[in-house]
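Q: I'm new to this one and would like a close look at a single part: the spot where the metal sits. Could you walk me through that, and then show me a bit of what else is there?

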Amino acid sequence: MLSSDHADHGRQHQSRFRVKVMLATALPFEGGVLDYLMAGEDRPDGHTPEIGQIVIAPLGQRSVPGVIVGLSDDDLHDKRLKPLEGYSDLPPLSPELLDLLRWVAAWTMAPVGAVLKMALPVKDALLPPKGQKAWQPAQITDLDSLSDKRRAVIEALQEAPPMTSADAALLAGVSKAMIAAMAKDGLLEQVTIPPEDQTTIAGGKAKDAIPSVTLTPAQQQAADEVKTALDNGQFAPFVLDGVTGSGKTEVYFEAIAHTMAKGRQRLILLPEIALSPAMQERFKSRFGDWPVVWHSGLTPAQRNKALRRIAKGDAPVVIGARSALFLPYPDLGLITVDEEHDQSYKQDDHVPYQARDMAVMRAKAEDIPVILATATPSLETEVNIDQGRYQRLQLKERIGTAELPEMAMIDLRRDPPPRQQWLAPQLVKDIQSVLDAGKQSLLFLNRRGYAPLTLCRTCGERLTCPQCSAWLVVHKRDHALHCHHCGHRARWPEECPSCETEHSLVPCGPGVERLSDEVRKLFPDARQAVLSSDLVTTPAALAAFTEDVLSGAVDIIIGTQMITKGHHFPDLKLVGVVDADLGLAGGDLRAAESTWQVMVQVAGRAGRSGEKGKAVLQTMAPETPVFKALMTADRDAFLAAEKQSREIAGMPPYGRLASIILSGRDEGKLRESGHLLGQHRPHFEDVSILGPAPAPMAYLRGRHRIRFLIKAKRGVNVQKIIADWLKSVTLPSSIRCQIDIDPYHFM
Ligand code: ADP
Ligand code: ZN
């Protein structure tokens with residue numbers, strides 16, 4: 001029930017209420033709240049207003065989910081007041097979650113409705129499921145007068161319970177059109193079958209799960225710290241910092257098992273949906289049950305079902321991508337963020353947020369522990385540990401006899417590959433000896449497709465996307481050019497679009513598909529498998545790939561960054577990084593940090609079962625500090641140097657950064673707007689504003705883009721400065737303005 005003030009005024013006797021509803025859509029005004037009419041509980045369709053209650057509200061031609069946030073004292077008989085359309089049977093959102101959503105909106109400067117939409121992403125899941133239409137045979141006197149097929153349908157259905165037309169068609173081996181026709185002729189009768197909306201995970205079953213391993217003392221100690229925090233029922237941020245293969249997953253599984261009995265929900269965030277088949281398997285074998293999975297690859301029906309289970313508290317464990325963070329868990333008990341350093345936790349569009357940081361905020365709001373697991377902590381997390389905000393739990397050694405791989409570097413200037421090839425002679429030799437020993441190698445190249453660039457031999461023209469300032473990437477599989485930014489596709493042209501010379505275009509540089517050709521030429525008898533998001537597109541395909549590697553049906557794996565995480569391939573002896581310099585180009589803030597992370601992660605795939613593995617980095621610049629740190633495995637020195645350089649530059653995590661991107665189709669108008677905003681820039685001592693300048697992607701999806709970069713000291717309220725600044729100018733409606741607080745991907 002809503003606050004008693006209203007009851008004091010005798011409102012509980014009212015049969016209608018004027019309620020304030022926060023709508024789950026970006027509204028053009030602050031607060032994102034509109035008033036609606038609600039019928040009281042003494043009416044046939046009535047309800048009692050409750051804070052957090054999920055409703056469906058009409059908005060123009062649409063109906064939009066929303067949440068009741070209060071009662072309104074305004075006129076109940078207002079003609080424009082529209083009645084609510086639907087009431088969810090799910091539990092209300094908690095005040096803590098509502099506060100968190102408001103906080104996220106304020107922090108990211110996104111409309112609160114856009115944030116609420118992340119909590120209520122599937123409208124259909126909010127209402128009680130409807131029964132399904134099903135068919136059963138009508139009373140029929142004369143079966144013999146029917147055609148064979150129609151008789152088959154009747155006979156099949158006489159034996160079976162009522163079923164949907166799809167199921168009936170399948171059972172009788174006829175088309176759905178036939179079922180429809182029979183229904184029309186009165187041969188079938190329609191009934192409604194009740195919704196199956198129950199849980200398939202037995203709540204208690206996981207309780208008697210059997211631990212698959214005995215934890216090592218270091219693991220036990222880490223697990224005990226988390227268990228104590230769980231027992232105390234309080235917010236506690238932990239960093240589970242352990243080298244690859246040190247048994248971090250087993251530690252947080254132990255923490256999960258500890259809370260199983262309490263029946264609270266646990267959330268495991270993973271950076272990539274691609275990781276979930278392996279994690280699901282592992283979870284199943286540890287706990288005997290499948291977790292509920294949440295990511296963007298689910299079908300609408302799966303999303304619907306998953307969201308209902310989550311919101312009803314019927315999902316004891318949820319494994320999800322970053323979008324699982326804001327779902328309305330009624331009773332969250334523990335959050336784990338696996339691979340916390342992974343940059344895919346940062347969302348760039350819609351509501352630009354960092355899911356790892358928001359996971360900590362959610363844990364704080366719910367007063368529960370949160371575990372950030374990683375082998376390569378992000379600098380943000382390191383600094384949070386330094387400053388006493390997070391507690392480090394360290395696992396220094398790999399499990400069992402597995403040792404960390406030996407690291408080696410190949411100087412491509414001294415030991416270059418032959419022309420139009422990308423594997424240096426030394427790496428080729430290493431691969432050969434691993435092949436001879438009957439073990440597996442992995443070649444890592446973070447470039448999708450066949451070649452990143454197409455050049456005209458005659459005039460030097462580079463093929464670029466017509467809608468973006470980006471090169472078109474050659475894909476061999478469909479003989480086409482793809483833009484990896486907007487999805488534009490074009491056929492491979494016969495002649496250069498600029499000088500019109502025929503057969504003059506050549507692909508330049510390697511992608512994984514081209515590397516695959518080279519490997520086939522060098523090792524014709526080796527069996528290879530390529531892992532990239534273009535070739536392995538579904539969780540099932542990824543599971544099949546993993547199975548092939550594990551069963552020994554693959555000798556050489558070639559992969560993009562999809563290969564760097566999560567996988568555990570016991571026979572993998574050698575990892576070759578084809579172009580270690582790739583991540584350093586472009587010079588964004590986190591280039592060295594993320595290169596270090598990727599290299600440690602990918603090298604960590606090698607030698608995970610006993611025999612020592614080897615990781616080889618090919619580079620044109622062996623003197624680069626990050627490579628030196630990798631060779632000497634001097635993580636502390638690397639982190640210290642990296643921290644120092646950020647601190648001196650006043651960059652995150654020591655200083656604050658925000659970007660404003662203006663974009664528009666009309667370049668002239670955009671430039672004017674940039675100029676106008678530039679003229680109104682605020683002046684504060686601890687804030688510097690750079691720009692307007694062309695954004696790194698100066699043209700994207702048909703829109704020109706310019707950028708302002710705001711750099712400030714840590715204590716500065718950047719959001720307020722930006723809000724006041726933007727309020728001081730009126731930009732044309734054709735100009736879009738995107739704000740990113742603490743941007744990661746400098747596009
Ligand atoms: P990480 O998450 O740190 O990479 P994992 O938890 O995946 O490490 O553990 C690496 C491997 O070691 C897995 O195959 C896991 O089953 C195994 N393992 C972990 N802890 C133990 C243990 N205490 N005893 C035996 N095997 C273990
Ligand atoms: Zn494009």
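A: Here is a walk through the metal site first, followed by a few other parts of the chain.

One thing to keep in mind is that this is a predicted model.

Let's start with the metal. What coordinates the zinc ion (ligand 2)? The SG atoms of C465, C468, C483 and C486 do, at 2.2 to 2.4 Å. Why is the arrangement called tetrahedral? The 4 donor atoms subtend angles of 105 to 114° around the zinc ion, and that makes it tetrahedral. If you follow the chain, the donors show the spacing C-x2-C-x14-C-x2-C.

Take C468 and C486 out of that set and look at where they come from. This pair links distant parts of the chain, with the two residues 18 apart. C468 belongs to the loop between β17 (453-456) and β18 (473-475), while C486 belongs to the loop between β19 (480-482) and β20 (489-491). Are these two cysteines buried or exposed? C468 has a relative accessibility of 2%, so it counts as buried. C486 has 24%, so it counts as partly exposed.

The strands just mentioned lead to a small piece of sheet. Here, 3 strands form an open sheet in the order β18-β19-β20, and the pairing is antiparallel. β18 and β20 are the edge strands, each with a single partner, so one side of each has no neighbour in the sheet. On average, neighbouring strands here are turned by 35° against each other, direction ignored. Zooming in on one pairing, β19 and β20 are held in the antiparallel sense over 3 bridges. A480 has R491 in β20 as its bridge partner.

That covers the metal site, so let's move on to the other ligand. There are 16 residues around ligand 1, and T214, Q219, K248, T249 and R282 come nearest. Some of the polar contacts can be spelled out. An oxygen atom of ligand 1 lies 2.7 Å from an N or O atom in the side chain of T249. For the side chain of K248, the distance from an oxygen atom of ligand 1 to an N or O atom is 2.8 Å. S246 takes part through its backbone: one of its polar backbone atoms is 3.2 Å from an oxygen atom of ligand 1.

Next come some covered strands. All 6 of the 6 residues of strand β13 (residues 369-374) are buried, so β13 is largely enclosed by the rest of the structure. In a regular strand, side chains alternate between the two faces of the sheet. In β13, P369, I371 and A373 are on one side and V370, L372 and T374 on the other, and all of them are buried.

β13 has partners, too. Strand β8 (residues 236-242) pairs with β13 in the parallel sense over 6 bridges. Within that pairing, L240 stands opposite A373, and D241 has T374 as its bridge partner. Strand β12 (residues 332-338) also runs parallel to β13, joined to it by 4 bridges. There, V337 has L372 as its bridge partner.

β8 is mostly covered as well, with 7 of its 7 residues buried. A236, F238, L240 and G242 point one way from β8, P237, V239 and D241 point the other way, and all are buried. β8 is also joined to strand β14 (residues 391-395) by 5 bridges, again in parallel. D241 turns up here too, with Q394 as its bridge partner in β14.

Further along the chain there is another sheet to look at. This open sheet of 4 strands has the order β27-β28-β26-β29, with antiparallel pairing. Its edges are β27 (687-700) and β29 (736-741), each with a single partner strand, so one side of each is left without a neighbour in the sheet. From one strand to the next, the twist averages 20°. Strand β26 (residues 655-664) runs antiparallel to β29, and 6 bridges join them. One bridge partner pair there is A658 and I741, the latter in β29.

To finish, here is a single helix residue. A177 lies in helix α6 (residues 176-184). With 55% relative accessibility, A177 counts as exposed. Its C-alpha atom is separated by 8.9 Å from that of S165, which is 12 residues away along the chain.

Methods. Residues numbered from 1 in each chain as written. Chains lettered and ligands numbered in written order. Predicted model: local features only at pLDDT ≥ 70, side-chain atom pairs only at ≥ 80, totals over all residues. Heavy atoms only, no water. Donors = N, O, S within 2.8 Å, 3.2 Å for Na, K, Ca; no water. Tetrahedral: all angles 85-135°; square planar, octahedral: opposite > 155°, others 65-115°. Buried < 20%, exposed > 50% of the residue type's maximum accessible area, 1.4 Å probe, protein only. Pairing = 2+ DSSP bridges. Axes fitted to C-alpha atoms, helices over the stretch in contact; angles between N-to-C directions. Near = heavy atom within 4 Å. Polar contact = N/O pair within 3.5 Å; in protein donor to acceptor, adjacent residues only side chain to side chain.
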